[in-house]
Amino acid sequence: MKLTEEYEDLRKTVEAFARDAVAPVIGELYEREEFPYDIVRQMGRMGLFGLPIPEEYGGMGGDYFALCLALEELARVDSSVSITVEAAVSLGAMPIYRFGTAEQRAQWLPKLTTGEMLGAFGLTEPGGGSDVPGGMRTTAVLDGNEWVINGSKAFITNSGTDITGVVGVAAITGRRADGRPEISTILVPAGTPGFTVAKKYSKVGWNCSDTRELAFTDCRVPAENLLGERGRGYAQFLQTLDEGRIAIAALSVGLAQGCVDECLRYVRERQAFGHPIGHYQAIQFKIADMEVRTHTARLAYYHAAEKMLAGEPFKKEAAIAKLVSSDAAMDNARDATQVFGGYGFMNEYPVGRFYRDAKILEIGEGTSEVQRMLIARQLGLGDL
Amino acid sequence: MNIVVCVKQVPDTATERKLRSDDKTLDRDAADGVVNELDEYAVEEALRLKEAHGGEVTVLTMGPDKASETIRKALAMGADKAVHLVDDALHGSDALGTSYALAQTLKKIGFDLVVLGSESTDARTGVLAAMLAERLGVPQLTFANKVEVNGTSIAIQRVTDYGYDKVEAVLPAVVSVVEKINEPRYPSFKGIMAAKKKPVEKLGVADAEIDVAQVGLAGSWSEVADFAAAPPRAAGTVVKDEGDGGVKAADFLASKKFV
């Protein structure tokens, strides 16, 4: 699979940016668990936050695959930076672009596409993750011409930065005829009274990414903040999540590739028993396995993205891509850490960071178990 | 203002670079080609001048077909159009030959200001800006870390060992820039897409009225007589601080005539 000239130029540009602007500073930021505002500003200027959105909204007029290539190159160096872009675009801006009214698009997109403002999406709750909509508790009740939101959301990326502008909140807005909850998405601007953001979580990885719990207590927003149709919330985020899986797959491939990059450098330098350690088959086989996983996972996400852009069903391919890529990331991080030995356990080496960042990839945007469930259903086993 | 930026494709400094054994010229297939880093500063400076004063930025490169990648990058950064001087007859030109070929092309396409990096990371002669200015009969303002244009006059800060000189001239002129004069922008995807549609004019030696006797390996005044791989770096001296580290370090520096 050969990238076209434009995609390849984009990939190279982001590769150079990650190497020259992210790599030198990210280790320290990670140590201090700081949100990378300066890197975000630079990525905003490059247009990374507007990659798949048309130029009339301040975007780059590219497509979702362009976004994926950028996410992969960023994650080769650091996953926190990559997930910040992924969440801002895929979960923040894209739903507004796709489902928003002309007014909502005009109000939010020009700032979201330039990275001046970050968007977030609140779906998961403290008591409900994979079991939405059944497990959802957050409610929104229409009172006159205002929505009154009550409930809480958990693990929401980009929700509490200085530049967070808007959060799409999935909430129960009623009961459907069949008794199941009616879910809608409502846009809540940052700073709305009744909307509070807890302090950052202490996480195992993704330490430069902003992840928080959100609370809504009689939070009132205008009725026109409803995103898309009332009752379409579930369908909206199923589509959002299908796409998001390809993006997370790309990010995972980036991490897996980063492990290969780091190991190739290290095994040439590190000496043991009179040779660089790359001389030994035990190391060579490990790196060969890492390369195989990265390569096959990349093909899986390229293929899923290709189907998606062609307008074909891609649910199964996206789930496969997410599953193999997060496995590849996890396996490569483990092997890379092993190749680095004691240094792999030190935070000053990127592979230690990769190891800490890899685990969430098997959980976020649908767990590996959910991916298997989706694949089995796509094979017709859902009704047995 | 009609600004022309000369950019050169060079082998990636991060990769192993080598010369060809047959004609002792650079082996361009051995390494990835990238835009000469200092020329990226030149492109950025030209774009900033255009943004401040209006006009047009043209990229000029001399090099094989592969150098079109370098043109694309400069166009993606925001340059308006490009001229690619490409001809087998130019292969192996030294600095004199290159300056002649570029000067002929610049005379043909016209310019108010020529901007280029102060040297390339491959040949590193650092003389091209001066030679170009001489051949074009215009002022040379070299090693600039600041450029200001005011109407038809131009002023730069020329970096020196002791600080900087202020140098002024009247346009048209040639300016070479040093690193850190600015922060070159990364091309946006919009810029990358737009670059595909920008005009790139390909010129051969005849188009630019270049006398082939003055270019190429045969027309060059300087010749690479021989070359050898750089010797591996010798192991450094380790000084162990046993309370006298300062004295030992000072003695070492004195032995090298640094102090």
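# A walk through chains A and B

Start with B:Ile156. Setting aside neighbours within four places in sequence, it is in contact with B:Leu141, B:Thr142, B:Ala144, B:Lys146, B:Val147, B:Asp165, B:Lys166, B:Val167 and B:Val175. Keep in mind as you click around that you are looking at a predicted model.

**Stop 1: around B:Ile156**

Colour chain B by secondary structure and you'll find B:Ile156 in strand S8, residues 153–160. Is this residue buried or exposed? With 2% relative accessibility, B:Ile156 counts as buried. Now pick out B:Val167, one of the contacts you just selected. B:Val167 sits eleven residues from B:Ile156 along the chain, and the C-alpha atoms of the two are separated by 5.4 Å.

Next, select residues 23–212 of chain B. An unreviewed UniProt entry places the feature "domain: Electron transfer flavoprotein alpha/beta-subunit N-terminal" here. This span is 31% helix and 29% strand. Show its two end C-alpha atoms and check the gap: they lie 18 Å apart.

**Stop 2: chain A from a distance**

Hide chain B and zoom out on chain A. You should be able to pick out ten helices and ten strands. The radius of gyration of chain A is 21 Å, close to the 21 Å that the globule rule gives for 384 residues, so chain A is as compact as a globular protein of that length. Turn it around: along its principal axes, the C-alpha trace spans about 80 × 50 × 40 Å.

How much of chain A is buried? Buried residues account for 57% of its 384 residues. Contacts also reach across the sequence: of those between residues at least 6 apart, 73% join residues at least 24 apart.

Now select residues 231–379 of chain A. UniProt (again an unreviewed entry) places "domain: Acyl-CoA dehydrogenase/oxidase C-terminal" there. You'll see plenty of helix: the span is 75% helix and 3% strand. The end C-alpha atoms of this span lie 28 Å apart.

**Stop 3: A:Thr138**

Go to the loop between strand S1 (118–122) and strand S2 (139–143) of chain A, and select A:Thr138. A:Thr138 may be in a loop, but at 0% relative accessibility this residue counts as buried. Which side chain does the side chain of A:Thr138 make a polar contact with? Look for A:Glu125, at 2.7 Å. Then show the other residues that A:Thr138 touches beyond four places away in sequence; among them are A:Ile149, A:Asn150, A:Gly151, A:Val169 and A:Ile172.

**Stop 4: charged pairs**

Side chains of opposite charge can pair when their charged atoms come close. The structure holds 47 salt bridges over all chains, and here are a few to click on.

Begin with A:Arg220 and A:Glu146, whose closest N and O atoms are 2.8 Å apart. A:Arg220 lies in strand S7 (residues 211–222) and A:Glu146 in strand S3 (residues 146–157), so this pair ties together parts of chain A that are 74 residues apart in sequence. Switch on the surface: A:Arg220 is partly exposed at 37%, and A:Glu146 is partly exposed at 28%.

Move on to A:Asp178 and A:Arg180, a salt bridge with its closest N and O atoms 4.0 Å apart. A:Asp178 is partly exposed, at 47% relative accessible area, and A:Arg180 is partly exposed too, at 43%.

Now find A:Glu182 and A:Arg230, which meet in a salt bridge at 2.9 Å, N to O. A:Glu182 lies in strand S5 (residues 181–189), while A:Arg230 is in the loop between strand S8 (226–227) and helix H6 (233–269), so the pair ties together parts that are 48 residues apart in sequence. A:Glu182 is buried, with a relative accessible area of 16%, whereas A:Arg230 is partly exposed at 41%.

For a bigger group, select A:Glu8, A:Arg11, A:Glu15, A:Glu73, A:Arg76 and A:Asp261 together: salt bridges with shared partners join them into one network.

**Stop 5: the cysteines**

How many disulfides does a search of the whole structure find? Zero, over all chains. Select A:Cys68 and look for the nearest cysteine sulfur: that of A:Cys259 is 19 Å away. A:Cys68 is buried, at 0% relative accessible area.

Finish on A:Cys259, which also counts as buried at 0% relative accessibility. Its closest cysteine sulfur belongs to A:Cys263, 6.6 Å away, which is too far for a bond.

Definitions and conventions
Residues are numbered from 1 along each chain as its sequence is written. Chains are lettered from A and ligands numbered from 1 in the order in which they are written. This is a predicted model: local features need pLDDT of at least 70, side-chain atom pairs count only at pLDDT 80 or more; totals for chains, interfaces and linings use all residues. Side-chain values use heavy atoms; hydrogens and water are left out. Helices (H or I, at least four residues) and strands (E, at least two) are DSSP runs, numbered from the N terminus. Buried means under 20% relative accessible area, exposed over 50%, partly exposed in between (1.4 Å probe, protein chains only). A polar contact is a pair of N or O atoms within 3.5 Å; within protein, one must be able to donate a hydrogen and the other to accept it, and residues adjacent in sequence count only if both atoms are side-chain atoms. Contact means heavy atoms within 4.5 Å. UniProt positions are given in the numbering used here, feature names are shortened, and annotations may be inferred rather than shown by experiment. A salt bridge is a side-chain nitrogen of Lys or Arg within 4 Å of a carboxyl oxygen of Asp or Glu. A disulfide is a pair of cysteine sulfur atoms within 2.5 Å. The radius of gyration is taken over C-alpha atoms; the globule rule is 2.2 Å times the number of residues to the power 0.38.
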